[in-house]
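Hi everyone, thanks for making time. Let me put today's model on the screen, and then we'll walk through a sheet and a lysine.

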Amino acid sequence: MSRTTAWLSLDKIEGGGIITANITFLRRKNMTDMKKKCNRKIRLASLMLAVVMVLTVIAPASTVEAASKPSVAKSYTCTVQPSGAEGFWMDCYNIKVKNFPKGATIKSIKSSNKKVVSYYFVQGSNVWFCPNKAGKTVISFKVVNKGKSTTLKTKVTVKKYQRPCSSFKVGSKEYASKFKKEAFYYGKKPIGKKKISVKAAKGWTVSSISVSHGDNTAKKIRNKSYITFSANSGLDTQILVKFKNKKTKAYQMVLCQLH
């Protein structure tokens, strides 16, 4: 749910140079008028025209500032793990704040229905939340910047868990059945270079695939890519796949952790 937004200042706005051009024009105009000894009325008319042109250019700046205010998606749909399933943290999802000001903070996070969502935390410009059960809630919070705060809200719909993959292969071994009841599997890893191949179940699409080894940062890979499994017994490999439901737009992640 993320997007990069550029912050623009007046001097960077297309047309900002027109302000300078208008002022330059005014000065040149006045010099010409003095040389030609034009009357006061003409000089005043030129001045008024230049001011109007400057204000016309400045006016859109407020529109740019307004468009740059912090915002979030109006709604978000996700899924929840079956009760008692392992890897409960797999149900944590993030609400990305767009146009997040540098140095700003997120405070006062609330859920209108704590039976559905009661746990959340902040990481940079993201508000993470972990569903407890299927249902609906509204997550609200404040973005505080330089003493001013903006209240944001997102309607969250939590769906029941469904297996999103019809096939989840590491090399020749199939793991899809491991995700029938839950989104987390912990098992023994193969050794050497293996192909990662994932097929979405009917009604789902593969959104992304990420791989990490041990404590290393996760790296996105393409479907049907090859990765190398280390013989180091203390180095786990985690394969995280994010799916999206075509109908409900709900996201579901599954994690295959091999040791």
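Strands here are DSSP runs of E with at least two residues, helices are runs of H or I with at least four, and both are numbered from the N terminus. Two strands pair if DSSP finds at least two bridges between them. This is a predicted model, where local features need pLDDT of at least 70, side-chain atom pairs count only at pLDDT 80 or more, and totals for chains, interfaces and linings use all residues. Residues are numbered from 1 along each chain as its sequence is written, and side-chain values use heavy atoms, leaving out hydrogens and water.

The chain has 3 helices and 16 strands. Let's look at one open sheet of 3 strands, in the order 2-5-4 with antiparallel pairing. Strand 2 (93-96) and strand 4 (117-123) are at the edges with a single partner strand each, so one side of each has no neighbour in the sheet. Strand 4 and strand 5, residues 126-131, pair over 6 bridges, and Gln123 has Asn126 of strand 5 as its bridge partner.

Now, the lysine. Lys189 sits in the loop between strand 10 (184-187) and strand 11 (192-200). Is Lys189 buried or exposed? Lys189 is buried, meaning under 20% relative accessible area with a 1.4 Å probe, protein chains only. Lys189 has no salt bridge, that is, no side-chain nitrogen of Lys or Arg within 4 Å of a carboxyl oxygen of Asp or Glu. The nearest side chain of opposite charge, Asp236, is 5.8 Å away. What Lys189 does have is a polar side-chain atom 2.6 Å from the backbone oxygen of Leu235.

Methods. Buried < 20%, exposed > 50% of the residue type's maximum accessible area, 1.4 Å probe, protein only. Lys, Arg positive; Asp, Glu negative; His and termini not counted. Polar contact = N/O pair within 3.5 Å; in protein donor to acceptor, adjacent residues only side chain to side chain.
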